[in-house]
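Let's walk through this fold together, beginning with a sheet and the helices around it and then turning to the nonpolar cores.

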Amino acid sequence: MTIRFYNTLTSRTEEFASIEPQTVRMYSCGPTVYDFAHIGNFRSFLFADLIRRFLELAGYDVQHVMNITDVGHMTDDAVADGAGEDKMQVAAQRIKEDKKSGKVPEGAIDNPDDPYQIARYYTNAFLDDARQLGLKVAFEYPDNILHATEQIAPMQEMIARLIDRGHAYVGGDGVVYYSVESFPAYGRLSGNTLDHLHSGAGGRISEEHQAAKRHPADFMLWKPDSHHIMKWDSPWGPGYPGWHIECSVMALKRFGVDTIDIHTGGEDLIFPHHECEIAQSCGATGADYFARFWMHARFLLVEGEKMSKSKGNFYTVRDVLEGRVTGRPVHPSVLRYELLKSHYRSNMNFTVKGLQDSAGAVKRLQDFRSRCEAASSGEVAEVANSHPVIREFIDALSDDLNISAALAVVLPWAAETPADPAEALGVLREINSVLAVAPIDLELGGTAAPADDEDANVQALCRQLDEARARKDWPTADEIRKQIIDRGYNVHTGRDGTTAERPLA
RNA sequence: GGCGCCGUAGCCAAGUGGCCUAAGGCGACGGAUUGCAAAUCCGUUAUUCCCCGGUUCGAAUCCGGGCGGCGCCUCCA
């Protein structure tokens, strides 16, 4: 089996091989925790999860690390004074308003002016969302998901090393900058080489900032700023680290190697973030590569448009799951499937209709599983990867994560009635270890929707319906069935009586 | 303007020179089944791959040119 991935670094699809046989070290840029993560963020995180789970099925031991950016960086809004705002302060302001409107529950954040409380609140929200959607690394918190604010010392060590090695300097404004001219490979990932940056820079850069730097493309490693809401002592004065440095540090520190196998993120991170990470990491270690494979997920569109708060199509995971997008609750596995079903390097258009389509596919897989379980009395056979269905599934994903071809293997197969249900369950277990939608995650238990009063009421109606049917009182039976459907349930009358369940979306 | 992805049915989307008069899913439609439904099963659903040229015996697939969509293009994140 040959695994091939598209590598942003070379702009080509290349054969994947890990540096150390059987082990893959993968780093994914994680969320900022100033607000709830949105579905676009999760498309990127789930793309990384797909790589990880696929490689595991293919036999690798995958070590997956992600960061949480909780340092209060600055906004990119060009406000009047040209300095931007502290993101944590912006969040604090918003939270005060959200508390009044109830969007942030009472007691969740006692003191919005405490950035650590804000970070903790949104970190927990992220982890909840991530676990619901079956993001495997979220179950490895805090071992494999690291907070930037807990890595300040190693960041300072790396900055000091970069200064020693001639890759960084203290500018005229006291800020520590990375010298891009000291790193000839700068621009290799994004194509934004120093020549191109010169010609494309235009008049967007303010004169005073440039004066402090040796080259316009030099970027910040440490900013002394005694007014910043989160600050730490450093050899360069109290302040805070640059945005890029945390990822370089965490990846190298957590893995203990100079070169990792895969680095993932959203396509917006290619430049400047990942370009700068490479410059920092390779500058500090002297290695030729920071990561061998750079893989980027394309942006998510919503109903054909870029997701933005001003357009009102800016959805968080909980907006979708709690029904604020479709008008009814959506099962997490449906959202997972929806965000996973398009190729990661294509435009993914998130739509209400697409979500409903995904619900159909997920239900098909879940029903298949139920039918097999009933037929096999729960027995699950051990199957090897050489099984034809698993073989084809892996082959499809081996081709740069061709998820559509992989689903085209699974779905027709799951439409058949298997000759050997125990074997089918074994196959499904392997396939579901990657898809994780039927159920959301086999190994990790998954999240069953909690039964509530409404469920109990509906169960009672099902019994009444059965009684009416036993009397052949069809008008009453039809009336009850209609009531159950009106409550938003799907009804099924079978050999063993009537059952009702909530639709997946 | 620079760099980079991409453009196949109502929607998602496979296919990367001949087995393509183009997978698979969702949806839709017709039928079987059902007291009626649901589920399930069977069948139908692109002579055509954004447009125009070219290469070739042969192109959705290669080349050139258009058109269209998306991302990034710095010190603030």
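## Helices on the sheet

In this predicted model, helix H4 (residues 152-164) lies across E6, E7, strand E8 (219-224) and E9, and runs at about 120° to E8. Helix H8 (residues 270-285) also packs on the sheet, where it touches E7 and E8, its direction making about 80° with that of E8. Contact here means heavy atoms within 4.5 Å; axes are lines fitted to C-alpha atoms, for helices over the stretch in contact, with angles from 0 to 180 degrees between N-to-C directions. Helices (H or I, at least four residues) and strands (E, at least two) are DSSP runs, numbered from the N terminus.

## The sheet itself

The sheet is open, with 4 strands in the order E6-E7-E8-E9 and antiparallel pairing (pairing needs at least two DSSP bridges between two strands). Its edges are strand E6 (168-170) and strand E9 (239-241). E6 and strand E7 (residues 176-178) share 3 bridges, and alanine 168 stands opposite tyrosine 178 in E7.

## The nonpolar core

The largest nonpolar core (buried Ala, Val, Leu, Ile, Met, Phe, Trp, Tyr and Cys residues joined through side-chain atoms within 4.5 Å; buried is under 20% relative accessible area, 1.4 Å probe, protein chains only) has 145 residues, and Phe5, Leu55, Phe126 and Phe350 touch the most other members. Helix H1 (residues 39-57) gives the largest share, 11 residues.

## Conventions

Residues are numbered from 1 along each chain as its sequence is written, while chains are lettered from A and ligands numbered from 1 in the order written. Local features need pLDDT of at least 70 and side-chain atom pairs 80 or more, while totals for chains, interfaces and linings use all residues, and side-chain values use heavy atoms, leaving out hydrogens and water.

Conventions. Buried means under 20% relative accessible area, exposed over 50%, partly exposed in between (1.4 Å probe, protein chains only).
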